[in-house]
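Me: I am new to this structure and would like a close look at a single part of it, the place where the two chains meet. Could you walk me through that part and then show me a few other spots to visit?

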Amino acid sequence: MPIDRRAFIRNSGLATAALMAPAMLQAKATESSPTLTILHTNDVHSRLEPFPNDGSRNAGLGGVAARASMIAQIRKEASNVLLLDAGDMFQGTPYFNVYKGEPEIKAMSMMGYDAATMGNHDFDAGIDNFAQQLTHASFPILVCNYDFTGTPMEGKAHPYKIFQKGDIKVGVLGVGIELKGLVPENLSGKTSYQDPVIKANEVADELRKKHKCDMIICLSHLGDRYNDDRISDELLAKETYEIDLIIGAHTHRFFEEPRKYKNRKKSDVIVNQVGWAGIQLGRLDFVFNRSGKKDLAQSHTVVIGKKTSD
Amino acid sequence: MNSHLRFFLIVSLVAIQACTPPRLVPASLNYKNYPVTGNLEPDSSVLRMISFYSDSVNKKMDQVIGFAVNSLNKRQPEGVLGNFFTDAMMEMAARRFNRKVDVAVMNPGGIRSYISPGDITVGKIYQLMPFDNLLVLQEIKGSVLKAFLDHTASSGGWPVKGITMQIKNRKAVNIFIEGKPLDENAVYTMANSDYLANGGDYSEMLRPVPQLNLGYLFRDALIEYVQQLTKEGKPVSANLENRVSNAN
């Protein structure tokens, strides 16, 4: 990854200090309690450049070049880093209308994204276009509840991927939103939507029991929660057995702090979402304990610490 | 602690671990959602990659597709710019869906800029319609259309095409569809944005009405409409023709 680190360090003293704080916490952790750092985005919506400096609310915020510098800096300080995106990479600036997602995917590849899931707007230039743009991707698209059989995406998305980060084995899966009523059929083609709760539980079960993952992360484009009974991250969290963390999207919500729910086994499930447009980069540092217990049915809790200060 | 004892403890620990392979369990979490700000020195190689694309995106946005002789502005109950929008909706929907369209309605809040005399660029159309709304058709019953037009009347009058109406006591009265009084039992084909069709701008009554959707961007319809006017040698304009007026 060709990143100009020296220029970054020279010019960003304050920002560096802000980035250092969580790293110091991490340094205190002993080897018996390793840390996994998850960096995440959602609904970036083709926002390659920062919002223009026109005095509006988001003026100067976002932009892939600034995000790339931030990620590179964090990677230097934290050893076990996963960089994830929860979908809607496409649509929202003229870049997408002209280039159909090519620079978006290239930028994510340069930043070293480890995985992403698909949002409804990623179908906006057609499923064939999305499949085509993936030729520029150095990261996998994870989604377990879209059946792409007979579409240009067949064989190009995966239900999950396993990452070994130091001692920590991490399983990452993805779930997509109901397409009907949201994505015109001529764009999604023969893609068939399946129940995200059933599919996510199936995949997470395999990741835990067969692949012995220590941590299971679900990238979700379902949305954080709704006033009606539509499936959301909140409902998904409560209906799962093995998922530890849901990285959310779609509702463009800026979370003040990660939300915590009890799953079917009374274990904690964390949900986080960072608004949209790459205005924020989410960071979650999970500290692990070693548990001698073989009994996977045992429930566990996750203590959410204070927000890391600047 | 003497070195023998220490060695013994370490060996024991390793032995215990070997017997019962421990699983790592997430126990605590620190978090921070960083603002991505301009204070960070942007990554130069990413910047270089983007600039390759931004040059031609800007070129596309600067592309001149038409011209205006007069200013077009939003106005209620009826304005030239709104009429331009609904004229374009009706024409381009009929063309793209290949069928007769009876009426078109637009919410004034969806029109985000104005047109000044001079060149019309693609970028200007993006300013007028930055949203990725789609142009859809709805087969709407006369009684539901009446309720929708009452809603537009109660908020001061919205751009329409194929309709004339008056606003009285915040209700739509004297409604004519293509010259004939609105028939509450008839079914009309209405060009609409998917935003309103999905109940946006408090148009809840439209939500149950089925949509025909071809994934046709509203903005693309406007661009194609302007290009067509240019081909015919016409400026971007529309007429004020008492489509919507206040009853005396």
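Reply: Happy to! Please keep in mind that this is a predicted model. Let's start with the polar side of the meeting place: across the interface of chain B and chain A there are 24 residue pairs in polar contact, with both partners at pLDDT 80 or more. Salt bridges are another matter, since the count between chain B and chain A is zero.

Which parts of chain B do the touching? Three elements of chain B, namely β1 (23–35), α2 (44–61) and β11 (211–217), each supply at least two residues of the side that touches chain A. The largest share of that side comes from β1(B), with 13 residues. Sorted by class, the side of chain B that touches chain A holds 24 nonpolar, 14 polar and seven charged residues.

Now for the extent of the contact. Chain A brings 83 residues to it, and chain B brings 45. The size of an interface is often given as the accessible area lost when the parts come together. Here chain B and chain A bury about 5,500 Å² between them, and 61% of that lies on carbon and sulfur atoms. On the chain B side, L24(B), Y31(B) and Y34(B) lose the most area to chain A, and together they account for 16% of what that side buries.

From the interface we can turn to empty space inside the model. Rolling a probe the size of a water molecule over the atoms shows where empty space is left. Two cavities of 30 Å³ or more are counted, and the second largest has a volume of about 60 Å³. Its lining includes V44(A), L48(A), R67(A), M89(A) and E104(A). In chain A, α3 (64–77) and α5 (102–111) are the elements that give two or more residues to this lining. The largest share, three residues, comes from α5(A). By class, the lining of the second largest cavity has six nonpolar residues, one polar residue and three charged ones.

Two backbone details are worth a visit before you go. In chain B, the peptide bond from Q76(B) to P77(B) is cis, with omega near 5°. To find P77(B), look in the loop between β2 (64–68) and α3 (80–97) of chain B. In chain A, H252(A) has a positive phi of about 55°, although it is not a glycine. You will meet H252(A) in the loop between β11 (245–247) and β12 (259–262) of chain A.

Note on methods
Residues numbered from 1 in each chain as written. Chains lettered and ligands numbered in written order. Predicted model: local features only at pLDDT ≥ 70, side-chain atom pairs only at ≥ 80, totals over all residues. Heavy atoms only, no water. 1 Å grid on protein atoms, 1.4 Å probe; cavity = no way out; pocket = protein on both sides within 12 Å on 5 of 7 lines; lining within 4 Å. Points joined across faces, edges and corners; volume = space filled by probe spheres on them. Helix = DSSP H or I, 4+ residues; strand = E, 2+ residues; numbered from the N terminus. Nonpolar A, V, L, I, M, F, W, Y, C, P; charged D, E, K, R; others polar. Contact = heavy atoms within 4.5 Å. Buried area = accessible area lost by both parts, 1.4 Å probe. Salt bridge = Lys/Arg side-chain N within 4 Å of Asp/Glu carboxyl O. Polar contact = N/O pair within 3.5 Å; in protein donor to acceptor, adjacent residues only side chain to side chain.
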